[in-house]
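Student: I have just opened this one and would like a guided look. Could we go through it step by step?

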Amino acid sequence: MNKNLGAQITFRAAYSAVAVIGLLLSVGVWTEFRPFFFTDFFNWAIIMSIVATVATLIENLKSLNSGKTEDTAESFPLLRFCTASSMLFALLLGMFFVDRVGADRLTDSVGYGNIFPGLATAGYWTRADVILPRFVLPAAYLAGFVLFYPRMKTRGIYGTLGILPPTLFYFFDMFFGMIMSGVYGGAEKLVEAGMYGVAYPYFFQDSAFTYTGWWWILIWPTIFGVSLMVLNNAVFFLTRTYKGDDGKLRLDRKSKPDESELRDVIHYFKMKRAAKKNANKNNSDSTK
């Protein structure tokens, strides 16, 4: 990783500024406000990246204030890891599969379940509210992750936990669509009101007109579950790849990181449990 503190501060400050602009554009602050922006996974990923980046930037600034010129920026490793995994998913989703998010389309299609690569449309490259959240920000965050994330500081369980944000989003959007459908009186009523795309913002959620068979209830979660595990493990392998003494890249998937150097939420609970265990042991010894 690049430990140069100046490079980290410059990159994270610039990314944070562009990410805030990208989020505001995606929400439609300067154009037509999109009240259902929370059903857009790209917005979820951007918000995660802003929180992770700003939190790490604050750590960088504290290091700068203490006179350091290099920094490993080890705080919030799990959040940063999950964000990288979500950003990789968002990048691929936007480039190769998504034509429509909600009622916003990049093609003239009127269907709800069509799959079409965004990068093959003119709007993907010419609209700032599309290119920033679907390409520029995911690619930039991943570049920063590759450059600045400490190597060998991830737990094996990260390879599973990283799928949680997209999975939570999937179920949130699914239940939100079901609630909207119930309020409006079904899919046909949603279409009449122009709200079907809002209730089911992504192609794989169109169970009323395109993916009508019951088997899709099993197929889509399986496809996304396997895909997310592959992407998540790719990110995990990246954090476990380092340059050996001979200058060659090596992959270490099994070694456990030094617990004292970890600053994730798991470390907090482990230390709390260890302290409680030691306290109980001391009490037991004192009564003997």
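Student: What percentage of the 288 residues in the chain is buried?

Tutor: Happy to help! This is a predicted model, where local features need pLDDT of at least 70 and side-chain atom pairs count only at pLDDT 80 or more, while totals for chains, interfaces and linings use all residues. Residues are numbered from 1 along each chain as its sequence is written, and side-chain values use heavy atoms, with hydrogens and water left out. Taking buried as under 20% relative accessible area (1.4 Å probe, protein chains only), the buried share of the chain is 44%.

Student: Where is threonine 39 placed?

Tutor: Helices here are DSSP runs of H or I with at least four residues, and strands are runs of E with at least two, numbered from the N terminus. The chain has 11 helices and 4 strands. Threonine 39 sits in the loop between α1 (5–27) and α2 (41–65).

Student: Is threonine 39 buried or exposed?

Tutor: Its relative accessibility is 5%. Because of that value, threonine 39 counts as buried.

Student: Which residues does threonine 39 touch, not counting residues up to four places away in sequence?

Tutor: A contact means heavy atoms within 4.5 Å. With that cut-off, the residues touched by threonine 39 are Phe169, Asp173, Phe176, Val198, Pro201 and Tyr202.

Student: Which backbone oxygen does the side chain of threonine 39 reach?

Tutor: Here we look at the side chain of threonine 39, which reaches its partner at 2.8 Å. That backbone oxygen belongs to phenylalanine 36.

Methods. Buried means under 20% relative accessible area, exposed over 50%, partly exposed in between (1.4 Å probe, protein chains only). A polar contact is a pair of N or O atoms within 3.5 Å; within protein, one must be able to donate a hydrogen and the other to accept it, and residues adjacent in sequence count only if both atoms are side-chain atoms.
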